[in-house]
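Open the model in the viewer and keep the selection panel at hand. The stops below go from confidence, to the sheet, to the ligand.

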Amino acid sequence: MNTASKLGRPERSGGRLSWRRATLVDQRFETPTARTLVLDVPGWPGHLAGQHIDVRLTAADGYTAQRSYSLASATGVEITVQRVEDGEVSPYLTDVFDISQLIEVRGPIGGWFVWRPGDPAPVTLVAGGSGVVPLMAMIRSRAENGIRTPFRLIYSARTPEDVMYADELRRRARDDGGLDVQYIYTRVRGSRIGVADVNTHAWPKDFEPSVYVCGPTGFVETVADIMVALGHDARGIRTERYG
Ligand SMILES: Cc1cc2nc3c(=O)[nH]c(=O)nc-3n(C[C@H](O)[C@H](O)[C@H](O)COP(=O)(O)OP(=O)(O)OC[C@H]3O[C@@H](n4cnc5c(N)ncnc54)[C@H](O)[C@@H]3O)c2cc1C
């Protein structure tokens, strides 16, 4: 098997995903409450856009906590963590975890919610809040591979200040060619994503698009229901729920 066809396959040792040491080497805040962590993970096998990793924290007394985070990057290991107030793990990752410190990760995980650069179908991406993270990996993978497959991103955020990757999305929508980005600010307009948003901004079903929807469970179910009501084949709608 060549390297390309191995890319994105979960790395296993003894039939189980193995934990790897990951060092924080860079970081940036995407919003006041969302932080991108750039991790150095020796032996990282590579991944496909859409896959995620598990992160494990271990306290001095041996207590461990584990959560999943989507990979934000096309290459290298980057995640973007949205701080959940009162959360156990996310406030540590956004506010405490410091450069040169270690955590453990395993992955890449996931074989269905992935976009492959060779897929010629037009792509509709629908993000709710931090659900934009794996969709951003797809947009970055498209650019890094020099591909012009038409992409449409519908990004639902509470306010403009809650938009992650705002500058990069603006630049890519201007320069990448064939990337359309539409925002829905739910707190500003006082309503959630609806049929009209999807009908106006997503690829119509006749284009046989690949559809990726990611965000909180309620958001994902609402959008999937709208897509089906608009005639899309439910089996073709790929969803990732953040719970
Ligand atoms: C496949 C997958 C990929 C994920 N990718 C990302 C990612 O890229 N970025 C990211 O920030 N998160 C992501 N998540 C969510 C992440 O795994 C954690 O659930 C999240 O960081 C909260 O963990 P916590 O320990 O801080 O909160 P917990 O201590 O687990 O929960 C505290 C409280 O917050 C509620 N809560 C839990 N998660 C959320 C949430 N997302 N929004 C609002 N309330 C919540 C809980 O119901 C609980 O009441 C992903 C989840 C999955 C399953």
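Two strands count as paired if DSSP finds at least two bridges between them. Strands here are DSSP runs of at least two residues, numbered from the N terminus. With that in hand, select Thr 23: its bridge partner in β8 is Leu 102.

**Confidence**

This is a predicted model, so colour the chain by pLDDT before going further. The mean pLDDT is 94, and 93% of the residues reach 70 or more. Now select residues 1–5, where the pLDDT is below 50. Beyond near neighbours in sequence, this stretch has 1 contact in the model. Where pLDDT is low, the predicted coordinates should not be read in detail.

**The annotated range**

Select residues 17–115. An unreviewed UniProt entry annotates this range as "domain: FAD-binding FR-type". Over the range the chain is 48% strand and 7% helix. Put a distance label on the C-alpha atoms at its two ends, and the separation is 22 Å.

**The sheet**

Show the strands as a cartoon and look for an open sheet of 6 strands. Reading across, the order is β6-β5-β8-β3-β4-β7, and the pairing is antiparallel. Which strands are at the edges? They are β6, residues 64–70, and β7, residues 77–82, and each of these pairs on one side only. Looking along the sheet, neighbouring strands are turned by 40 degrees against each other on average, with direction ignored.

Next, select β8, residues 102–109, together with β5, residues 52–58. These two strands run antiparallel and are joined over 4 bridges. Pick His 52, and Ile 109 of β8 stands opposite. Pick Asp 54, and the residue opposite in β8 is Arg 106.

Keep β8 displayed and add β3, residues 20–31. This pairing is also antiparallel, over 4 bridges, and the Thr 23 and Leu 102 partners from the start belong to β3 and β8. In a regular strand the side chains alternate between the two faces of the sheet.

**The ligand shell**

Finally, centre the view on the ligand. How many residues are around the ligand, and which come nearest? There are 21, and the nearest are Gln 82, Gly 87, Glu 88, Val 89 and Ser 90. Colour the shell by residue class to see 8 nonpolar, 9 polar and 4 charged residues. Strands β6 and β7 each supply at least two residues of this shell.

Technical notes. Residues numbered from 1 in each chain as written. Predicted model: local features only at pLDDT ≥ 70, side-chain atom pairs only at ≥ 80, totals over all residues. UniProt positions renumbered as here; feature names shortened; annotations may be inferred. pLDDT = per-residue confidence, 0-100. Contact = placed C-beta atoms within 7 Å. Axes fitted to C-alpha atoms, helices over the stretch in contact; angles between N-to-C directions. Near = placed C-beta within 6 Å. Nonpolar A, V, L, I, M, F, W, Y, C, P; charged D, E, K, R; others polar.
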